[in-house]
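Please open the model in your viewer and keep the selection tool at hand. The tour below proceeds from one selection to the next and states what is found at each stop.

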Amino acid sequence: MSHGAARTVRAGRRTVEIQRPGKVLFPGRDGAPEYTKGDLADYYRSVAPYLLPHLRGRPLMLERRPDGLDGERFMQKNAPGHYPEWITRAEVAKEGGTVTHVVCDDTATLLYLAGQACVTLHRWLARTDRAGGPGHPDRLVFDLDPPGDDFAAVREAAGWLRELLTELDLPAAPMTTGSRGLHLVVPLDGRHDFDDVREFARQVAERAVARHPDRLTTAARRADRGDRLYLDVQRNAYAQTAVAPYSVRARPGAPVAVPLTWEQLDDPGTGARRWTLADALEQARTDPWAGLPGRGRGLGPARRRLADIRS
C-alpha cells in the first residue's frame with residue numbers, strides 16, 4: 001500500500017526526507033483522531049524550540065512504532081550504523097561494554113527520528129556534555145503512579161510531595177506523563193552520582209509515605225500496593241530513562257507528556273492525557289516551567305533538612 005511520496009523537509013542546514021508520510025501511526029477509532037507519520041513529524045518540528053532544551057546532551061532511548069500502534073514496539077538504545085553521520089551520538093558504559101545512544105541536539109535529528117517512526121523520546125537524567133558526565137544526573141524525578149486512572153489521587157499526592165520538597169528548599173515542577181500519572185522534576189546541580197540521588201529520592205518518598213500511609217506507598221510489587229498511589233524513584237538510576245517533556249506517547253489519540261504550572265495541576269479538568277499532538281504546542285508556548293530556577297540545587301542542605309524533619 002502506498003502512503004504518499006516522500007516529503008523533504010528543511011531544518012537549519014540539513015534536509016531530512018520523511019518516507020511514507022501518509023503511514024497511519026495512530027488509527028482513528030473509538031472517538032480518537034487518526035494521525036500519520038507526517039503529522040508526527042509536523043508536530044515535532046513545531047515543538048522543537050521547546051523540546052530540544054530538554055534533550056540536548058542526553059542519551060536517548062527511542063520508542064519506535066514502524067507499523068503504528070497496532071504493530072510491534074521497538075525500544076531502541078543503540079544508534080544504528082545507517083543513521084546519518086551528522087546525528088550526535090554518545091557512547092556510555094554498561095556492564096561488560098558500552099552502548100552508543102542517539103543524542104538529539106537539533107531539529108533535523110528530531111525530524112529524522114520522527115521519520116523512523118520514533119513516537120516517544122525517553123531521556124537520561126544526566127548529560128554527557130557537562131561536568132560529571134553521564135554518571136551525575138542534573139534531574140531528579142518522582143514518578144507518581146496511581147491505582148487505575150485516578151488522577152485526583154495523583155493531584156493529591158503531588159501536593160503532599162510539593163509541601164515536603166518546599167520544606168527541603170527544593171523547587172519542583174509537575175509534568176503529565178501522557179499515560180496515567182505525573183512526574184515531579186527537581187533540577188539538581190549535577191554534583192551527585194546516581195546512587196546518591198536515588199537514595200535521597202527514596203528517603204524523601206519514604207518520608208511522604210510516613211505522613212500519608214493510607215494513601216501512598218513505595219512498594220515496588222503491585223500486589224503490595226492495594227489502592228495506594230505508588231511513589232516510584234527507580235528512574236533515578238544509571239542508564240534508566242524518563243519520558244521527555246513534549247514527547248508523544250504511543251496511545252490512542254496521541255497524548256503528550258506536558259509540563260504544567262502548579263495552578264494547572266490544581267484544575268480538576270487536568271488529567272494525564274489532557275494534551276495531545278493536536279494542542280500540546282499551545283501549552284508549550286506558555287512556558288509553564290518559567291518559574292524554575294536556572295541553576296539546580298545541591299543535595300547537601302536538603303539532606304540535613306530531611307534529617308531534621310520528625311514527621
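Begin by selecting D196, F200, Q203, V204 and R207 in α4, together with A302, R303 and L306 in α7; these two groups of residues meet each other. The model under inspection is a predicted one.

**The pair α4 and α7**

Now display both helices in full: α4 comprises residues 194-211 and α7 residues 300-308. Their axes come within 11 Å and cross at roughly 30 degrees. Because angles under 35 degrees count as roughly parallel, α4 and α7 are described as roughly parallel to each other. The crossing of α4 past α7 is left-handed. If the contact residues are coloured by class, four appear as nonpolar, one as polar and three as charged.

**The pair α1 and α2**

Next, select helix α1 (residues 37-51) and helix α2 (residues 107-115). The axes of α1 and α2 come within 9 Å, with a crossing angle of roughly 155 degrees. Since angles over 145 degrees count as roughly antiparallel, α1 is roughly antiparallel to α2. The crossing of α1 and α2 is right-handed. To see the contact, show the side chains of K37, L40, A41, Y44, R45, A48 and L51 on α1, and add T107, L110, L111, A114 and G115 on α2. Sorted by class, the contact of α1 with α2 has eight nonpolar, two polar and two charged residues.

**The nonpolar cores**

Keep Y44 displayed and add L121, F142, L144 and V248. Which core do Y44, L121, F142, L144 and V248 belong to? They are members of the largest nonpolar core, which has 85 residues, and these five touch the most other members. Helix α3 (residues 151-167) gives the most to this core, with nine residues. In soluble globular proteins, nonpolar side chains tend to be buried together.

Centre the view on L121. Leaving aside residues up to four places away in sequence, L121 touches Y44, L51, L55, L60, M61, L62, L110, L113, A242, V243, A244 and S247. Then select A126, V185, A257 and W289, which are included in a second, separate core of eleven residues.

**G133 and its surroundings**

Move to G133, in the loop between β9 (118-123) and β10 (139-145). Is G133 buried or exposed? Its relative accessibility is 11%, so G133 counts as buried. Not counting residues up to four places away in sequence, G133 touches A126, R127 and T128. Add V92 to the selection: V92 and G133 are 41 residues apart in sequence, and their C-alpha atoms are 9.5 Å apart in space.

**Two residues with positive phi**

For the last stops, consider backbone torsions. Most residues other than glycine have a negative phi.

- Select A239, in the loop between β14 (229-232) and β15 (242-243). Phi of A239 is near 75 degrees, a positive value in a residue other than glycine. With a relative accessible area of 28%, A239 is partly exposed.
- Select D287, in the loop between α6 (280-285) and α7. Phi of D287 is near 55 degrees, again a positive value in a residue other than glycine. D287 counts as partly exposed, at 46% relative accessibility.

Key
Residues are numbered from 1 along each chain as its sequence is written. This is a predicted model: local features need pLDDT of at least 70, side-chain atom pairs count only at pLDDT 80 or more; totals for chains, interfaces and linings use all residues. Side-chain values use heavy atoms; hydrogens and water are left out. Axes are lines fitted to C-alpha atoms, for helices over the stretch in contact, and angles run from 0 to 180 degrees between N-to-C directions. Helices (H or I, at least four residues) and strands (E, at least two) are DSSP runs, numbered from the N terminus. Angles under 35 degrees count as roughly parallel, over 145 as roughly antiparallel, 65 to 115 as roughly perpendicular and the rest as oblique. A crossing is left-handed if the near helix is turned anticlockwise from the far one by less than a right angle, and right-handed if clockwise. Contact means heavy atoms within 4.5 Å. Ala, Val, Leu, Ile, Met, Phe, Trp, Tyr, Cys and Pro count as nonpolar, Asp, Glu, Lys and Arg as charged, and the others, Gly among them, as polar. A nonpolar core is a set of buried Ala, Val, Leu, Ile, Met, Phe, Trp, Tyr and Cys residues joined through side-chain atoms within 4.5 Å. Buried means under 20% relative accessible area, exposed over 50%, partly exposed in between (1.4 Å probe, protein chains only).
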